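Hi everyone, thanks for making the time. I'd like to walk you through a structure that's new to most of us, so have a look at it first.

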Amino acid sequence: MANVRDFQYIAEIARYSSITKAAEALYLSQPTLTKFLQRVEQEVGTPLFHRAGKRFIPTPAGEIYVEKAKSILHLNTQLDQELDDLVSMRRGSVRVGTTAGRAGYLVSSILPRFARLYPGVRVLLSMGHTELLLKMIFNNELDIVLSSCDEEQPTLCHEYIGEEELVLAVPQNSPLLAGAQRQEGFRFPVIRPEQWRDEPVVLPSAGSRSYHLAQAYFQAAGVQPRVVAEIAGVQFVIAAVRAGMGVAVFISVPLAPDDGVAFLSLGRADIPRQQVAAITRRGFYRNEAQQAFLQLLRESYR
């Protein structure tokens, strides 16, 4: 009779397509995991994986087994969470994933507030690109993902948290701030292109979404910026602005009050914007701590 551990082992083999890598992730020896798979396949009466060199690819029977294994693992996690809530509402962990640019804000602003509310609950924070984070939440490795997502997945629940726009980031002591004006319909004080076009500009790396949106804005606004650096990771772009390297154009992320950087709106009604969502698995059981974390996210974007 299979148990939860058996389902976990099969799911890990499918995840890594490798006995060796799955064994490492499970802290098992390769021979031990190989013998386990042989035993399960004997019990099932059919191979669960095709062996293609060192790769293990699920057979049709394996695909069914892996799908059901993931469902059982999800139900087991849900059962543990609900029982844990009955025993104590202030124990356990919240597994959160977000992109690198938003992670700094979570660490500086959200996590301290959450820790004061739930000192016994650990936050396990993972960073990565959106595609990786969605894969992790689908595999039951994350509880909540904070990310922009253009397409909703049928197996995931997207709760709108807020909106981010393409902005100009400047040091908080920049003289450009004095020339920016509040205007209705814009989140930040508005600055015109001619006011900053001669400033040195720092951009996110060429492969990022912010970079491509910035280039589209430059073309539409007739701006030819003097780019002094392209840096991977919004947090490092912000650090460059804080250090006085220049101004930067990228999709805004929430900043802590002491970040030393201010945002300015670029003054066009068609400035690119993106919606940010808290993503969970559909039908996901939210314990008290997870609900509180989501509420802090909502409040922060308001």
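Before anything else, one bit of vocabulary: when I say helix I mean a DSSP run of H or I with at least four residues, a strand is a run of E with at least two, and the numbering goes from the N terminus. With that in hand, a place to start is Tyr27, which sits in the loop between α2 and α3. And please keep in mind throughout that this is a predicted model.

So, about Tyr27. Its phi is near 60°, a positive value in a residue other than glycine. Is Tyr27 buried or exposed? Exposed means over 50% relative accessible area, and Tyr27 comes in at 77%, so it counts as exposed.

There's another residue of this kind, Ser17. It isn't a glycine either, and its phi is positive, about 55°. You'll find Ser17 in the loop between α1 and α2. Here the cut-off for buried is under 20%, and because Ser17 has 18% relative accessibility, it counts as buried.

Now let me zoom out for a moment. The protein chain has 10 helices and 11 strands. Its C-alpha trace spans about 75 × 45 × 30 Å along the principal axes. There are 302 residues, and 47% of them count as buried. As for contacts, take the ones between residues at least 6 apart in sequence: 71% of those join residues at least 24 apart.

Okay, helices. A quick reminder that I'll lean on: an α-helix has 3.6 residues a turn, so residues three or four places apart point the same way.

Start with α2. Which residues are buried there? They're Ile19, Ala22, Ala23 and Leu26. These cover an arc of only 100° around the axis, which puts them on the same side of α2. And what do they pack against? The partners are α1, α3, which is residues 30–44, and β2, at 55–58.

Next up is α8, residues 209–221. That's 13 residues, reaching 18 Å from the first C-alpha to the last, close to the 18 Å expected at 1.5 Å a residue. Its buried residues are Ser210, Tyr211, Ala214, Tyr217 and Phe218. Why do we say they share a side of α8? Because their arc around the axis is only 125°. They pack against one helix, α7 (193–196), and against the strands β6 (156–171), β7 (200–204), β8 (226–231) and β9 (247–251). Right after α8 comes Gly222, with a positive phi near 70°.

Then there's α9. In this one the buried residues are Val234, Val237, Ile238, Ala240 and Val241. Their arc is only 155° around the axis, so again they end up on the same side, this time of α9. The cover over them includes α5, β6, β7, β8, β9 and β10, with β10 at 261–265. And α9 is followed by Gly244, whose phi is positive too, near 90°.

Last topic: pockets. How much space lies in the largest pocket? About 910 Å³. It's lined by 32 residues, and the closest to its centre are Leu73, His74, Thr77, Asn139 and Asn140. The elements giving two or more residues to that lining are α1 (4–16), α2 (19–26), α4 (60–87) and β3 (92–98). So α2, the helix from a minute ago, turns up here again. The largest share comes from α4, with 10 residues. By type, the lining divides into seven nonpolar, 13 polar and 12 charged residues.

And the second largest pocket? That has a volume of about 530 Å³. Of its 25 lining residues, Thr99, Arg102, Ser208, Arg209 and Val234 are the closest to the centre. Two of those should ring a bell: Arg209 is where α8 begins, and Val234 is among the buried residues of α9. Which elements give two or more residues to this lining? They're α5 (100–117), α8 and α9 (234–242). The largest share, three residues, comes from α5. This lining divides into seven nonpolar, 14 polar and four charged residues.

If you want one thing to follow on screen afterwards, try α8 and α9: each has its buried residues on one side, and both helices help line the second largest pocket. That's it from me, thanks!

Note on methods: Residues are numbered from 1 along each chain as its sequence is written. This is a predicted model: local features need pLDDT of at least 70, side-chain atom pairs count only at pLDDT 80 or more; totals for chains, interfaces and linings use all residues. Side-chain values use heavy atoms; hydrogens and water are left out. The expected span of a helix is 1.5 Å times one less than its number of residues. Buried means under 20% relative accessible area, exposed over 50%, partly exposed in between (1.4 Å probe, protein chains only). The arc is that of the directions from the helix axis to the C-beta atoms. Contact means heavy atoms within 4.5 Å. On a 1 Å grid over the protein atoms alone, a cavity is a set of points where a 1.4 Å probe fits but cannot get out, and a pocket is an open set with protein on both sides within 12 Å along at least five of seven lines; lining residues have an atom within 4 Å of a point. Grid points are joined across faces, edges and corners, and a volume is the space filled by probe spheres set on the points. Ala, Val, Leu, Ile, Met, Phe, Trp, Tyr, Cys and Pro count as nonpolar, Asp, Glu, Lys and Arg as charged, and the others, Gly among them, as polar.
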